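Let's take a walk through this protein together, one contact at a time. Keep the structure open beside you as you read.

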Amino acid sequence: MATETAPQTVAAVDLGSNSFHLIVARVRPGELMVLDRLKEMVRLAGGLRADRTLDPEVQEHALACLTRFGQRLQGLPADRVRVVGTNTLRSARNAGAFLERAEAALGHPVEIVSGMEEARLIYLGVAHSLAVDPTDRRLVVDIGGGSTELIVGDGYTPRRMESLYTGCVSLTRKHFPDGGITAARFRRAYLAACQELEPWGEAFRTLGWDEAVGASGTIRAAAKVLDAAGWGEDGITRDGLERVRDALIRAGHADRLDLKGLGANRAPVFASGVAILLAAFEMLGIERMGAAEGALREGVLHDLMGRIRHEDVRETSVAALGERYHVDPAQAERVAATATHLLERAAPGWELDPAWAGPYLRWAAGLHEIGLDIAHGGYHKHGAYVAANADLLGFTREEQSLLAALIRAHRRKFPGGPFKALPDRWVRPARQLAVLLRLAAVLHRNRRPLPLPELEADAREGTLRLRFPGGWLEEHPLTRADLEQEAEFLAAAGFTLRIA
């Protein structure tokens, strides 16, 4: 009798601009059973100073929270935990120094996601929290501390996404800095939000949707206030929000708000959240909105589950980018296969983890020629720029920087700059992967579909040895010349290539 596989425990941490969230869940067939939730108001965006650096006091508050989260995560394997940072950590100039301490406190790396990736994960979390019909089209609105995400999707698939640079904390700092709420201040905050939303209103209206759903603390708080006041029988409506607006103005200050359903921690940023929500109703033509329980952290969990089950959206993103830039799929596959072969043999000596390194090497091989669609001269530079700046769903900012570094370094002089932008723990393995990609590209320079001979390789510290069958290099003098030239490029970068 077969034994049932023990349920796995997974966790996600959302380092939002307003609050930090931790969710721990057990994986069961067809569902995630939540075991624990932790939430702390950190207001990271409130600590972002005029010079775009994080205030030290706010950093210490955030790190104390992450130390508590880290205690809860102890014992969970690294591949069962994902930690994502959002708008404020995307913007802060000193985010790198803070992240080092944050990762030490949590015991896990922090991934900084782009606005579009944040939108995708939010939609995934919302969709999984609702009864989803594949034919249903939904508009999802998420008002965070530093950004607002808009997504239209069908079932579990987002179709259009935007991430706007306005959130309840950033808008509060500008329009309600001392907590005072007046009609004039609210009007200015509302118009500022409308200006952010205006360029996207027509596009989203044209797509249309069957229902509008809100995520995040701001929208859930608005739903609770409307329900408690008897203004929310039809969910969140413009009429109900205008009543809340009037109540905010009558109170005159965040400290004097006495709205049932509104928590004390939410009160300081609630007026700006309502202003953004009213602007969304106006600019997108929303008539009624429901509030979903799922949000970014739930989306991170479901995306993590996809990776565990080998359903990785990053594969789709790489394939789509390669197709968009007319990559020769046969050549990309040849280079990827040889690079993977070399990785298998070099991994022990170079202490590379194939489970981690393999996908990045394969993805970089699949995209190493995307720059050819722009210009042949310096195409590795063009390709690196595209890989670093495209909206690659599923990838973090650091992961895209890694792909860009590998593409930039796959030919000509071995550069140092692209690797300096990577996390310290990635620099050494990334440089080693670049060597393997370079050699695979050299060995397939003739672009012919003929198989390579049985190729052996081994690595020790800064040295890589390639061994070909006896007489093969003599029969292929051009390949030998290419490899000798490559040895010179690598020597300048501190690597030794030996060919036999």
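A good place to begin is a pair of opposite charges: Arg82 and Glu111 form a salt bridge, with their closest N and O atoms 2.7 Å apart. Arg82 belongs to strand S4 (residues 81-85) and Glu111 to strand S5 (residues 111-112), so this pair ties together parts that are 29 residues apart in sequence. Please bear in mind that the model you are looking at is predicted. Both partners are covered. Arg82 counts as buried because its relative accessibility is 2%, and Glu111 is buried as well, with a relative accessible area of 17%, which is under the 20% cut-off.

The two strands that carry this pair also belong to a sheet. Five strands make up this open sheet, in the order S3-S2-S1-S4-S5, and their pairing is mixed. At the edges sit S3 (31-41) and S5, each of which pairs on one side only. Moving inward, strand S1 (residues 8-15) runs parallel to S4, and five bridges join the two. If you would like a landmark for that pairing, look for Ala11, which stands opposite Val81 in S4.

Now for a second group of strands, with S6 (residues 137-143) as our guide. Is S6 mostly covered or mostly open? Six of its seven residues are buried, so "mostly covered" is the fitting description, given that buried means under 20% relative accessible area. On one hand, S6 runs antiparallel to strand S7 (residues 148-154), and seven bridges join them. The connection between S6 and S7 is a hairpin of four residues, and within this pairing Val141 has Leu150 of S7 as its bridge partner. On the other hand, S6 pairs with strand S9 (residues 211-215) in the parallel sense, over five bridges. There, Val140 stands opposite Val213 in S9. In general, strands of a sheet pair through backbone hydrogen bonds, either parallel or antiparallel.

From strands we can turn to the nonpolar interior. In soluble globular proteins, nonpolar side chains tend to be buried together. Here the largest nonpolar core has 63 residues, and those with the most contacts inside it are Trp350, Leu436, Leu464 and Leu466. Helix H17 (residues 424-443) supplies the largest share of this core, with 11 residues. Apart from this core lies another one of 51 residues, including Phe204, Leu259, Leu262 and Leu284.

Leu466 deserves a closer look. Leaving aside residues up to four places away in sequence, Leu466 touches a set of neighbours that includes Leu342, Leu439, Leu455, Leu483, Leu497 and Ile499. Glu456 and Arg498 are also among the residues it contacts.

Glu456 brings us back to charges. Its partner is Arg345, and their salt bridge has its closest N and O atoms 3.7 Å apart. This pair links distant parts of the chain, since Arg345 lies in helix H12 (residues 329-350) and Glu456 in strand S12 (residues 456-460), 111 residues apart. Arg345 counts as partly exposed because its relative accessibility is 27%, and Glu456, at 30%, counts as partly exposed too.

Another salt bridge joins the side chains of Glu369 and Arg447, at 2.7 Å from N to O. Glu369 lies in the loop between helix H13 (354-367) and helix H14 (379-389), while Arg447 lies in the loop between H17 and S12, so the pair ties together parts that are 78 residues apart in sequence. Glu369 is buried at 8% relative accessibility, whereas Arg447 is partly exposed, with a relative accessible area of 35%.

Glu369 also figures in the story of Arg411, a residue in the loop between helix H15 (397-408) and helix H16 (417-420). What is the nearest side chain of opposite charge to Arg411? It is Glu369, but at 7.8 Å, and the buried Arg411 has no salt bridge; the distance lies outside the limit of 4 Å, so the two do not count as a pair. Arg411 does have a polar contact of 3.1 Å with the side chain of His380. Beyond residues up to four places away in sequence, Arg411 touches Tyr379, His380 and Arg438.

To finish, let's step back to the whole. The structure holds 35 salt bridges. Our opening pair, Arg82 and Glu111, belongs to a network joined by shared partners, which also includes Glu117, Arg120, Asp303, Arg307, Asp312, Arg314 and Glu399.

Notes: Residues numbered from 1 in each chain as written. Predicted model: local features only at pLDDT ≥ 70, side-chain atom pairs only at ≥ 80, totals over all residues. Heavy atoms only, no water. Core = buried A, V, L, I, M, F, W, Y, C linked by side-chain atoms within 4.5 Å. Buried < 20%, exposed > 50% of the residue type's maximum accessible area, 1.4 Å probe, protein only. Contact = heavy atoms within 4.5 Å. Pairing = 2+ DSSP bridges. Lys, Arg positive; Asp, Glu negative; His and termini not counted. Polar contact = N/O pair within 3.5 Å; in protein donor to acceptor, adjacent residues only side chain to side chain.
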